[in-house]
Amino acid sequence: MSRRDYFREEDKLRKISIVFGIALVLTIIVFTLIFNLYNKKLQESARQSILDLGSINAVVPNSNTVDTTTASSTQDKAINEVKKEAVLENTTKKQEIAKHDESKIQENTVVEEKTEQVEEKTEEPALVEPLTFIAPVNGEIMKDFANETLVYSETLEEWTVHNGIDIKAPKTTVVIASAEGIVESIKNDPRYGLTVTIAHRDGFKTVYSNLLTADFISEGQEIEKGRTIGTIGETASFEVVEEAHLHFEMIKDGEYVNPTLYFK
């Protein structure tokens with residue numbers, strides 16, 4: 001910046017400062033005038049009140065002369081009475097508001113109690129139908145349930161317990177879920193071949209063994225009663241000599257039970 005430009009800028013700032021100072025002084029003068037006018041009006045109003053009181057005393061017979069002290073005292077009393085009335089009115093309003101709020105709180109409490117009662121009623125558990133089972137495949141039962149007596153195994157050529165039932169059906173016959181539930185596992189059992197286990201409510205499990213396929217479902221899947229879960233095969237090494245069939249087991253609370261007692 002050149003020296004000339006510098007002095008130009010300095011002169012401009014000086015002019016701005018002078019204008020701002022003048023504006024500030026004018027503002028102060030205006031406010032002072034307004035305040036003085038307002039003060040004079042108040043004084044005139046007080047003087048007029050005293051004169052009015054004097055006029056009233058002159059007109060009314062047998063009235064005592066009212067001096068300025070009495071007038072001032074009367075005005076103070078009137079002001080105090082107005083203040084008292086305002087305080088009383090404010091207190092009354094506060095009491096009314098408090099009563100209104102209290103009634104609202106009571107109403108809200110009653111509504112909340114009714115709502116809670118309705119919610120309690122709606123939270124009552126719905127009636128659940130008893131769990132029922134159907135046969136997982138149509139066919140003749142070629143070997144019964146026998147977990148307390150011994151039955152002869154043609155494959156093992158010995159007498160042994162039988163924890164399920166064997167339902168005779170051709171190879172590749174479709175096998176369905178005996179009841180709704182969740183697929184717990186799909187695995188190759190060393191004795192009973194490809195096996196699917198389904199967990200049901202009320203502590204029940206059903207086991208489907210000697211399957212050829214189980215590609216229609218997956219572990220963790222929720223399935224409905226009658227849903228296809230696989231097809232019959234010949235994968236059970238413990239029953240390979242016997243005709244094609246489904247080895248079906250039912251477990252209740254960890255104990256093997258006779259499935260035929262639960263079929264509907």
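## Largest pocket

The largest pocket in this predicted model has a volume of about 390 Å³. It is lined by 23 residues, and those closest to its centre are Asn-163, Arg-191, Tyr-192, Glu-249 and Tyr-256.

Five strands each give two or more residues to this lining: β3 (158–162), β6 (181–189), β7 (193–199), β8 (204–213) and β11 (245–252). The biggest contribution is from β6, with four residues. By residue class, the lining of the largest pocket holds seven nonpolar, eight polar and eight charged residues.

## Nonpolar surface patch

Six residues, Ile-18, Ile-22, Val-25, Leu-26, Ile-29 and Leu-33, make a nonpolar surface patch of about 560 Å². One of them, Ile-18, lies in helix α1, which covers residues 3–59.

Is Ile-18 buried or exposed? Neither term applies, because its relative accessible area is 48%, and a residue counts as buried under 20% and as exposed over 50%. Ile-18 is therefore classed as partly exposed. A residue needs over 30% relative accessible area to be part of a patch, and the 48% of Ile-18 meets that cut-off.

## Overall fold

The protein contains two helices and twelve strands. Along the sequence, the order of elements is α-α-β-β-β-β-β-β-β-β-β-β-β-β, with both helices ahead of the strands.

The protein has 264 residues, of which 23% count as buried.

Terms used. Residues numbered from 1 in each chain as written. Predicted model: local features only at pLDDT ≥ 70, side-chain atom pairs only at ≥ 80, totals over all residues. Heavy atoms only, no water. 1 Å grid on protein atoms, 1.4 Å probe; cavity = no way out; pocket = protein on both sides within 12 Å on 5 of 7 lines; lining within 4 Å. Points joined across faces, edges and corners; volume = space filled by probe spheres on them. Nonpolar A, V, L, I, M, F, W, Y, C, P; charged D, E, K, R; others polar. Patch = residues over 30% accessible without salt bridge, like charges linked within 9 Å, V, L, I, M, F, W, Y side chains within 5 Å. Areas by Shrake-Rupley, 256 points an atom, 1.4 Å probe, with all protein chains shown as cover. Salt bridge = Lys/Arg side-chain N within 4 Å of Asp/Glu carboxyl O. Buried < 20%, exposed > 50% of the residue type's maximum accessible area, 1.4 Å probe, protein only.
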